[in-house]
Amino acid sequence: MAEIELKNVCKVYEGSTKVVTDANFTVNDKEFVVLVGPSGCGKTTILRMIAGLEEITSGEIRIDGKAVNSLPPKDRDIAMVFQNYALYPHMSVYENMAFGLKLKKVAKQEIDFRIKEAAKILSLEDYLDRKPRALSGGQRQRVAVGRAIVRQPKVFLFDEPLSNLDAKLRVQMRTEISKLHKQLGATIIYVTHDQTEAMTMGDRIVVMKDGVINQVDTPMNLYNNPANKFVAGFIGSPAMNFIDGKLVKEDELKFISNHKDLIFSVDQTISAGLDGVKQNEVAIGIRPENFSLEKKSSNTFEVIVTLQVIEHMGNETFVHFEIDGNECMARIRPNETLKVGESINLYFDTEGINYFHSGSGIKLA
């Protein structure tokens, strides 16, 4: 397999539209790296530049230490799996998987061996004679993956391969692709806008916004230590709640929300790291799961909220409310006695709060 390195990679289209700005990250050999971000953030453009389907405006892409900027796609030893499968409708599954190998003039016996091995891995052995129209969406996606596997490339590139599938099939295919990564020991770069896919599949995640890489880290480090407000709000489902306010030094350091509906003492383990920003406006971030219906420790703060929407999920309940004019959500234990319009006491641990600069969005503590 292969290591891929991007150094100061930029992409600018005509009219000075900058799509990717100074992309720098390394994908280690046999690593599964996910590029994630909202639509239009540049993640697919990066994938296409690695594949050679888009020219690089500036910077360098290296595969196994070798610069590939000027190499055509066919010489980069990369296989790409597209969102729309891109299967030939008049060909059987077998013929679709064999097509690229025939172009490379691989021996017929070797083609047959590779296809049957890939079909075994992907549970496609009973479908090799079928045409794509006779397959389900998940089976077609497996054929597209199989076509990539038989090429035995250095790198696999996946461009939102599950976005056309229904919810249940997406979960199944997530598991299958993760298993495939372990079986093949492959280097994989996977693009998605779905943070759940990113969190469950990637060894590391590259979070992008407006063509800029905001953070590259492991799933749990992104969740627990987001670099800024955007990453904090994008990673985690449901999303983190944000409440604007400021830090004020009285007898102790306190957070006061803009309309003073929320006032609490900043935890002492955190306050030291906020000394330099005491007069700056800040936003706090509270994960929905950090709220509870019971007080759990001496660091727990109580807030009274009026329930606006209640979502019963079976194993948990989502409740929607406002704090200081900010729309918020809590994930709590299943509770069927709650009613829309009633006021309840919710508790959150001040140790679990994130503090962000309200202007730049950079995490302060």
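**Two pockets and a helix pair**

Three elements each supply at least two residues of the lining of the largest pocket: strand 6 (78–81), helix 2 (93–103) and helix 4 (137–149). Before I go on, please keep in mind that this is a predicted model.

Which of these elements gives the largest share of that lining? Strand 6 does, with 4 residues. The largest pocket holds about 530 Å³ of space. It is lined by 19 residues, and Ile78, Ala79, Met80, Gly100 and Arg151 are the closest to its centre. By class, the lining of the largest pocket has 14 nonpolar residues, 1 polar and 4 charged.

Now the two helices. Helix 2 and helix 4 both contribute to that lining, and they also touch one another. Their axes come within 8 Å and cross at roughly 30°, and the crossing is right-handed. On the helix 2 side the contact is made by Val93, Asn96 and Met97, and on the helix 4 side by Val143, Gly146 and Arg147. Those residues divide into 3 nonpolar, 2 polar and 1 charged.

Next, the second largest pocket. Its volume is about 200 Å³. Which residues lie nearest its centre? They are Glu252, Ser265, Val266, Asp267 and Thr350, out of 13 that line the second largest pocket. Strand 13 (263–265), helix 9 (268–271) and strand 16 (300–306) are the elements that give two or more residues to this lining. As for class, the lining of the second largest pocket has 7 polar residues, 4 nonpolar and 2 charged.

Notes
Residues are numbered from 1 along each chain as its sequence is written. This is a predicted model: local features need pLDDT of at least 70, side-chain atom pairs count only at pLDDT 80 or more; totals for chains, interfaces and linings use all residues. Side-chain values use heavy atoms; hydrogens and water are left out. On a 1 Å grid over the protein atoms alone, a cavity is a set of points where a 1.4 Å probe fits but cannot get out, and a pocket is an open set with protein on both sides within 12 Å along at least five of seven lines; lining residues have an atom within 4 Å of a point. Grid points are joined across faces, edges and corners, and a volume is the space filled by probe spheres set on the points. Ala, Val, Leu, Ile, Met, Phe, Trp, Tyr, Cys and Pro count as nonpolar, Asp, Glu, Lys and Arg as charged, and the others, Gly among them, as polar. Axes are lines fitted to C-alpha atoms, for helices over the stretch in contact, and angles run from 0 to 180 degrees between N-to-C directions. A crossing is left-handed if the near helix is turned anticlockwise from the far one by less than a right angle, and right-handed if clockwise. Contact means heavy atoms within 4.5 Å.
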